[in-house]
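Trainee: Hi, have you got a minute to go through this one with me?
Mentor: Sure, pull it up and we'll start with a helix.
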Amino acid sequence: MEKLGLGFDLILNNNLIDMYAKCGNVKLACSVFDKMPQRNVVSWTALMCGYLQNGDANASLVLFSKVGTSNVKPNEFTLSTALKASTVLGVLQNGMQIHGVCTKSNFDSAPVVGNSIIDMYFKCGRVGEAARMFDTMPVRNLVSWNAMIAGYAHERNGEEALNLFREMQEKGEVPDEYTYSSALKACSCIGVVSEGSQIHAALIRQGSSYLAQSTVAGALVDFYVKCRRIAEARRVFDRIEHKNVVSWSTLILGYAQEDNLPESMNLFHQLRESRHKVDGFVLSSLIGVFADFALVLQGKQMHAFATKVPYGLEASVANSVLDMYMKCGLTDEADALFREMPERNVVSWTVMITGYGKHGIGYKAVKLFDEMQVHGIEPDSVTYLAVLSACSHAGLIKEGQQYFSSFCSNPHSKPKVEHYACMVDLLGRSGRLKEANELIEKMPFKPNTGHWNESEKIREKVKRKGLKKEAGRSWVEINKEIHIFYNGDSTHPLIEKIHQALREMEKRMNEEIGYVHNVNFALHDVEEESKVESLRYHSEKLAIGLVLVSGGVKGERMVRIFKNLRVCGDCHTFIKGLSKVLKIVFVVRDANRFHRFENGLCSCGDYW
């Protein structure tokens, strides 16, 4: 009877640990565990799961290490939990050690352990080890296949993910919603619309129940959006029975990606009026859209909205607002928000340093870089890239060399080719070509330029898949309306008047300051007259032409133009001359930096 009583107490206490842990009270679960006169493997595993479920993976692993010093032997669930904790922490060495324990105890043949090993290796970036584990598993279940397909999709190896998706069905395994979601993700990452559409068709044949599964429905919307099939994405979205925030945000960003900002904003307003709470991810993503399009008014409205909701206080949201202000050219607003932020992480500092660098305000970027370290924030490789770029644009040679040397000597950091490129650029701008060449020769890896054969192969692959490179486009906001122009665009209703205005301005600039087109920036296989004409079709000139036609320069002190690619040399010269003739400041943001054109000069010093 005494043994029966102890056994009953053990079961009861294990159940208490499990209950308290699942209710989020790990402290009570731990208290029960500590007072237990007798513990078994279930006791240890239940508390490990409790720590893990409540976000303390490190405590779960510490507890696992104590199992070895007790007289209790871990079972497959103990080992699986320990592997999951290692995965959460991203510590490959711990995971490999636990894998070794699993192998020695023959638990690696248990599906629950094997699946955790596969997931751990994928999450730690060791694809080969994950594949070897999968290949040697004596028994595979649906979770095994899902782990592999999801892993390959996460690694953007869509071909291999889809191969496994076909193979599992050939072997008689029936996919579930997680399989389909991962397969759709694989299709979107390699841009294979036909395969994704086939999966959609297979889901339809199974009945409309898939639309009730938020995971699958969301994956379908995401697939169509990423494949630039916004109409199909909308049809799926409209049929989803229970829409979640992820589906809403995916479609909102999809419309923004297609330059359909009115519909994007319309959907956002619908989301705000729905029962769903706008979370930090949606806020950050939408603010990111306003940042990319430099929509100042909408960005400020979103900032005001963010301050009124709980998620608006998250660092990720605040960082997005910082980035928006910087990309809109509002450096003072960005600085004011940065100084008021209750929590600033490495991303916050990096956004500010990057922004100042793109505006050519190198001294402020350098000052912030030094200040962040005083505050105990360790710069990462992206921060170093930002400050080196800022030094390059501002001609701060001494500071750039000092930061690069510090970065190279840090045992926890490893400079990449981008960091060397920044230093070469810095030295090249200052005329120190010999030092720049020596730096290239001393790099621990080969330069990444000049691979023309590989470049041609990639171009051919892109053509075969029907993918297109990002088109050059510029946009301008006039009377709260965004007007977008592509290179060679002839679709705007005022296009004839735009060309006429540009011709008249070219003539005036030629007479007053001797401006002529630089045809080196036109297509090479056309006549001279056509080259001049083609330069007039560059998207930034069309945007400026619309400003001229709509009287946007009258009474204005500053005109803002935005471009998604690098501004060409001819357009750069044209805008410089325009600022001198019209006595207007033009601020142009291109893919590299901000250009402030004033009185015939540019803030970039004609080097960008």
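Trainee: So, is H31 largely enclosed or open, and why?
Mentor: Keep in mind that this is a predicted model. Of the 14 residues in H31, 12 are buried, so the helix is largely enclosed by the rest of the structure.
Trainee: Which residues of H31 are buried?
Mentor: Among them are Gly 569, Asp 570, Cys 571 and His 572 at the start, then Phe 574 and Ile 575, and also Val 581 and Leu 582. Lys 576 is on the buried list too.
Trainee: And what should H31 span at 1.5 Å a residue?
Mentor: Helix H31 covers residues 569-582, and its 14 residues should span 20 Å; the end C-alpha atoms are 20 Å apart, which agrees.
Trainee: What happens just after H31?
Mentor: Lys 583 follows, with a positive phi of about 55°.
Trainee: Switching topic, which residues does UniProt list for the PPR repeat?
Mentor: The unreviewed UniProt entry lists residues 9-43, 141-175, 244-278, 314-344 and 345-379.
Trainee: How much helix is there over residues 9-43?
Mentor: That stretch is 77% helix and 0% strand, with its end C-alpha atoms 12 Å apart. For residues 314-344, the values are 74% helix and 0% strand, and the ends lie 10 Å apart.
Trainee: Zooming out, how many helices and strands does the chain have?
Mentor: There are 31 helices and six strands. The C-alpha trace spans about 110 × 60 × 55 Å along its principal axes, and 48% of the 608 residues count as buried.

Note on methods:
Residues numbered from 1 in each chain as written. Predicted model: local features only at pLDDT ≥ 70, side-chain atom pairs only at ≥ 80, totals over all residues. Heavy atoms only, no water. UniProt positions renumbered as here; feature names shortened; annotations may be inferred. Helix = DSSP H or I, 4+ residues; strand = E, 2+ residues; numbered from the N terminus. Expected span 1.5 Å × (residues − 1). Buried < 20%, exposed > 50% of the residue type's maximum accessible area, 1.4 Å probe, protein only.
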